[in-house]
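Subject: Structure handover

Hello,

Here is the structure we spoke about, with the sequence alongside. My notes on what was found follow below it.

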Amino acid sequence: MSSHDSKIKNVESKCQHFCIIVGKNYLFKAIALYNSLERNAHNFRLWICCIDNLTYYTFEMMNLSHAKLIKLEKVEDRQLLKVKKERKINEYCWTLKAPLIHYLLTTRMLDSVVYCDADIYFFSDPTPLFDEWGKSSVFLCPQRDSDWVEKNYGLYQAGLIGFKNDKDGLKSLRWWRSQCLDWCFANPVEDKFGDQKYLDKLPTLFSNIKISNHLGINAAPWNCIYNNDYKIEKFSNHLHIEKDPLIAFHFACLQIFSEDEFDLWSLDTLIIQDVINREIYAPYLEELQAVIKMFKRMRPKILNRIGITRSDENGFSSAKTPYKFTPLKRIMNRRNEVYHFCTIVSEEYLVKGLALYESLKNQCDNFHLWICCVDDPSYLILSNMKLSNASILSVAEIETLEYQQVKQTRTLKEYCWTLKPQLSLYVLDNFKEIDRLVYCDADIYFFSHPKPLFDEWGKYSIFMCSQRGTPELTRRYGIYQAGLLGFRQDENSKKIINWWKDRCLEWCFDEEDLEWNRWGDQKYLEHIPFLFENIKIIRNIGVNAAPWNLVMNNLYNIHKNDDVVRLDEVELVIYHFGSLLILNEEEFDLWQIERLSFTKEMIDYIYVPYIQHLQQIRFSQMEDVNFQVIVEQEKKHDPKNYFRYPSK
């Protein structure tokens, strides 16, 4: 052997060798696997056996520095070609595993090689795998699945397996190769299943077998999600399964439908724990999205021929565990919980809508607010502001023909009321990743964190808030408040919204209809607890406090301790500044309907902070906007509860 060859062999012997078998349907996943190794391994080589020309030439074009390509014909012999005709593509790939490993050990003279399924992804340095393997000849990973699964499908996982170029390694590998050539099919028969069930016999037939005890090597849905009760948490900036750092996760049965549509477990509906969604699936899906985007730029003509699963003509709608990985979902995955809200604004409610947004921003950053603008000025202004936690919708995006027709018969205020259920449905239907959505009127304001509201809501389909107003107000306007409502992403909730939507389309006016017991969009809510189930009535006095239940009744001691506003001893979470009019930059009507008695504490602790915020928004963010355009002043308005700030 020449000195040059010796140097090459020495370098190769220190290298961590992996091999995969890839066809065009697994191309994106194989590239993600390679990227994960390049990110985490210090010195590795990935041997890629390509089973079709498109895959080979695609990898050849990419010229990956740590990859070595192998054409299928280099591995195939007469025995393989004979069984190839009688096996499905997945069964033939299973049959190929042992021959590929044997080819690398005996033809390329590798000291050892780890075979990986192409849908495996490395989350950290694979060195612990080789350290655990040590001087053993074969490396096996237990399934750690249910007893009946292991009985039928095998005790060990054929998706990650290692063999060394020594006597015991080659002997056991040749036996496995022989068994797979003889029989390798997808349906379990007697004591066989694919290439995998044969592995049960390796530890009894051969010596020097290492069975991994490391929970982070070849972690998978069957041993982390629907099986076992391992503690999975992140510490020292690494995800751990019990005490073991996550090395590699096997994303078996994950299907790609498009850049942001996936089936995470195509065999059945699977409930995936939040930490696994956030720390394992989200990074992998981001990697797949980056790969797909790369192909869109570099090879758009072949994009539709590779990597995408088309299980049937229904596509994503047929997914068993559907997952739409949108930018919003990526934000949600970075948080333990994200609170979702929506509201409707017009030009005259623009400042109040911004105050609502900023009040949420002041209390928490883990929220998102959809703002539907019913006119062009509000849409243009908000779109240009690029609010980090908001999506701006034009009314045209959510309107249907029915809405366009009733729009002509209603005032702008009445039309905004009519739109509430439609906006809520639009957000829930178009953002399936949302679990719960709260509709807020634009003149609602958060004085503290929204968590108490969501905690009280719990798992109910919807929540409604009691008016808690005077008997006359409740009789006229209804028992419940339509300014703050919550809807869960479930079938029952959507039935309720659709029922409410139909009622509002039929009739929604700012007048009392005594014959049909209707007023606006609100009195319909009284029927919901009788027609539907799983309804939560929020009774927390700090949620949706308002003039009608705080000023009119005047039952509570309003005070402030440690910068927290309290009603008796209950923290004020949300206040609804309904019927507050902005007359000009310094003048307001606190309640335009009738004369009320506002206490000093109410003014100082609730109204002044809100008015200051409205003024701050006007001066700091909307200097170029004509304030007279966005005020709600009526030409001949006679203020009922006049307030000037600052007072002169």
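In which loop does N228 lie? N228 belongs to the loop between α11 (221–224) and β9 (232–235). Please keep in mind throughout that this is a predicted model.

Backbone geometry

The phi of N228 is near 65°, a positive value in a residue other than glycine. N228 counts as partly exposed because its relative accessibility is 37%, between the cut-offs of 20% and 50%. M109 also has a positive phi, near 55°, and is not a glycine either. M109 is found in the loop between α6 (89–106) and β4 (112–116). Towards the end of the numbering, Y645 and P646 are joined by a cis peptide bond with omega of about -5°. P646 sits in the segment after β32 (642–644). These entries are listed because most residues other than glycine have a negative phi, and most peptide bonds are trans.

The chain as a whole

The protein chain has 25 helices and 32 strands. Its C-alpha trace spans about 100 × 50 × 50 Å along the principal axes. Of its 648 residues, 58% count as buried. The accessible surface of the chain comes to about 29,000 Å², and carbon and sulfur atoms account for 48% of that. There are 80 positive and 89 negative charges, and their mean positions are 8 Å apart. Taking contacts between residues at least 6 apart in sequence, 74% join residues at least 24 apart.

Three helices

Helix α12 covers residues 274–298. Its 25 residues should span 36 Å at 1.5 Å a residue, and the end C-alpha atoms are 35 Å apart, so the two values agree. α12 nevertheless has a kink of about 40° at Y281, shortly before the proline P283.

Helix α18 (residues 412–430) has 19 residues and reaches 25 Å from its first C-alpha to its last, close to the expected 27 Å. There is a bend of about 40° at L419 in α18, with the proline P421 following within four residues. α18 is mostly covered, with 15 of its 19 residues buried.

Helix α14 (residues 350–363) has 14 residues; the expected span is 20 Å, and its end C-alpha atoms are 20 Å apart. Eleven of the 14 residues of α14 are buried, so the helix is largely enclosed by the rest of the structure. Among them are K352 and E358, along with L350, V351 and Y357.

Two buried loop residues

L270 lies in the loop between β14 (261–263) and α12. L270 is buried because its relative accessible area is 10%, under the 20% cut-off. Not counting residues up to four places away in sequence, L270 touches P221, I225, Y226, W265 and T321. L270 and T321 are 51 residues apart along the chain, yet their C-alpha atoms are separated by 5.9 Å.

E526 is in the loop between β24 (518–519) and α22 (528–531). Its relative accessible area is 15%, so E526 is buried too. Leaving aside neighbours within four places in sequence, E526 is in contact with T474, G478, I479, Y480 and N517. The C-alpha atoms of E526 and G478 are 6.9 Å apart, with the two positions 48 residues apart in sequence numbering.

Regards

Notes: Residues are numbered from 1 along each chain as its sequence is written. This is a predicted model: local features need pLDDT of at least 70, side-chain atom pairs count only at pLDDT 80 or more; totals for chains, interfaces and linings use all residues. Side-chain values use heavy atoms; hydrogens and water are left out. The expected span of a helix is 1.5 Å times one less than its number of residues. The bend at a residue is the angle between axes fitted to the seven residues ending there and the seven starting there. Buried means under 20% relative accessible area, exposed over 50%, partly exposed in between (1.4 Å probe, protein chains only). Contact means heavy atoms within 4.5 Å. Accessible areas come from the Shrake-Rupley method with a 1.4 Å probe; for residues, only the protein chains shown count as cover. Lys and Arg count as positive and Asp and Glu as negative; His and the chain ends are not counted. The place of a charge is taken as NZ of Lys, CZ of Arg, CG of Asp or CD of Glu.
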